[in-house]
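Please open the model in a viewer and keep the selection panel at hand. The tour below proceeds from one selection to the next and says what is found at each.

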Amino acid sequence: MAFLKRSEGSSFTRNGEAETAISHMIFFIAAIVIAMTVIVVMSSNVQSLTGATASSSKVLSEQIKTDITIISDPEAVPYNTTLKEYTFYAKNTGRTNLDTEYLDMFIDGLLIDHGELEMILPEQDVLWRPGTTLEIRMKAENQMTEGDHRILIAAENGKSDSMDFRITWV
């Protein structure tokens, strides 16, 4: 029986081309894996930015549609000595309905507790509708000091109006 002499290998494996092809394939697969990882990370960041932009534009749109104007007379703020309360008037000059539960009122930078405020809407309405005037009665056991003061009324979306007024005792 004749033995066939085994060849020393093909020319492909002898000159190292197989090793080069394998290392190129490993680098190619690694590059694909890295590219896919970058795509997944970037995709989640883009989705997060898109959501934040949509939310921000909605808030900005609401702020643009909302407007409050304090229409009280700054020289004569009514004080009822019997009920011990000041009365202020504000008008919804925007295009959105506002819920008075979410209005905040500040006097001289201090937040007035909602328990000390009575907000009266026309016709016992539930929402402060555009074009209507809101009467705000603020309970005050002690009268404000004589001099200059500032009132600020803010809606839930941050839109606000302020007015400087003077208290004088006759």
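The lining of the largest pocket comprises six nonpolar, two polar and four charged residues. In this predicted model, select I107, D108, L110, I112 and E116, then add M138, K139, A140, E141, N142, Q143 and M144, to display that lining. The volume of the pocket is about 190 Å³.

**The loop at D108**

Keep D108, one of the lining residues, and follow the backbone through the loop between β4 and β5, where D108 lies. Although D108 is not a glycine, its phi is positive, at about 50°. Is D108 buried, partly exposed or exposed? Its relative accessible area is 42%, so D108 counts as partly exposed.

**The nonpolar core**

Next, select Y86, F88, M105, I107, M138, I151 and F165, the residues with the most contacts inside the largest nonpolar core, which has 26 residues. Colouring by strand then shows where the core draws its residues: β1 (68-70), β3 (85-92), β4 (104-107), β7 (133-139), β8 (147-154) and β9 (160-167) each contribute at least two. In soluble globular proteins, nonpolar side chains tend to be buried together. Two of these core residues, I107 and M138, also appear in the lining of the largest pocket.

Centre the view on F165. Which residues does F165 contact beyond its neighbours within four places in sequence? They are P74, V77, F88, I107, M144, G147, D148, H149, R150 and I151. Among these contacts, F88, I107 and I151 are also listed with F165 for the most contacts inside the core.

**The four-stranded sheet**

Now display the strands as a cartoon and locate the open sheet of four strands, whose order is β5-β4-β8-β9 with antiparallel pairing. Its edges are β5 (110-111) and β9, each of which pairs on one side only.

Move to the junction of β4 and β8, which run antiparallel and are joined by four bridges. Here I107 stands opposite I151 of β8, and D104 has A154 of β8 as its bridge partner.

Proceed to β8 and β9. How many bridges connect these two strands? Their antiparallel pairing extends over eight bridges; one place to look is G147, whose bridge partner in β9 is I167. The two strands form a hairpin with five residues between them, and G158 in the turn has a positive phi of about 95°.

**From K84 to K91**

Select K84 in the loop between β2 (79-80) and β3. K84 is not a glycine, yet its phi is positive, at about 55°. With a relative accessible area of 34%, K84 is partly exposed.

Then continue along the chain to K91, in strand β3. K91 has 32% relative accessibility and is therefore counted as partly exposed. Showing the surroundings of K91, apart from residues up to four places away in sequence, brings up D67, I68, T69, I71, W128, G131, T132 and T133, which K91 touches.

As a last step, draw a distance between the C-alpha atoms of K91 and I107: these residues are 16 apart in sequence, and the distance in space is 18 Å. I107 returns the view to the lining of the largest pocket, where the tour began.

How values were computed:
Residues numbered from 1 in each chain as written. Predicted model: local features only at pLDDT ≥ 70, side-chain atom pairs only at ≥ 80, totals over all residues. Heavy atoms only, no water. 1 Å grid on protein atoms, 1.4 Å probe; cavity = no way out; pocket = protein on both sides within 12 Å on 5 of 7 lines; lining within 4 Å. Points joined across faces, edges and corners; volume = space filled by probe spheres on them. Nonpolar A, V, L, I, M, F, W, Y, C, P; charged D, E, K, R; others polar. Core = buried A, V, L, I, M, F, W, Y, C linked by side-chain atoms within 4.5 Å. Buried < 20%, exposed > 50% of the residue type's maximum accessible area, 1.4 Å probe, protein only. Contact = heavy atoms within 4.5 Å. Pairing = 2+ DSSP bridges.
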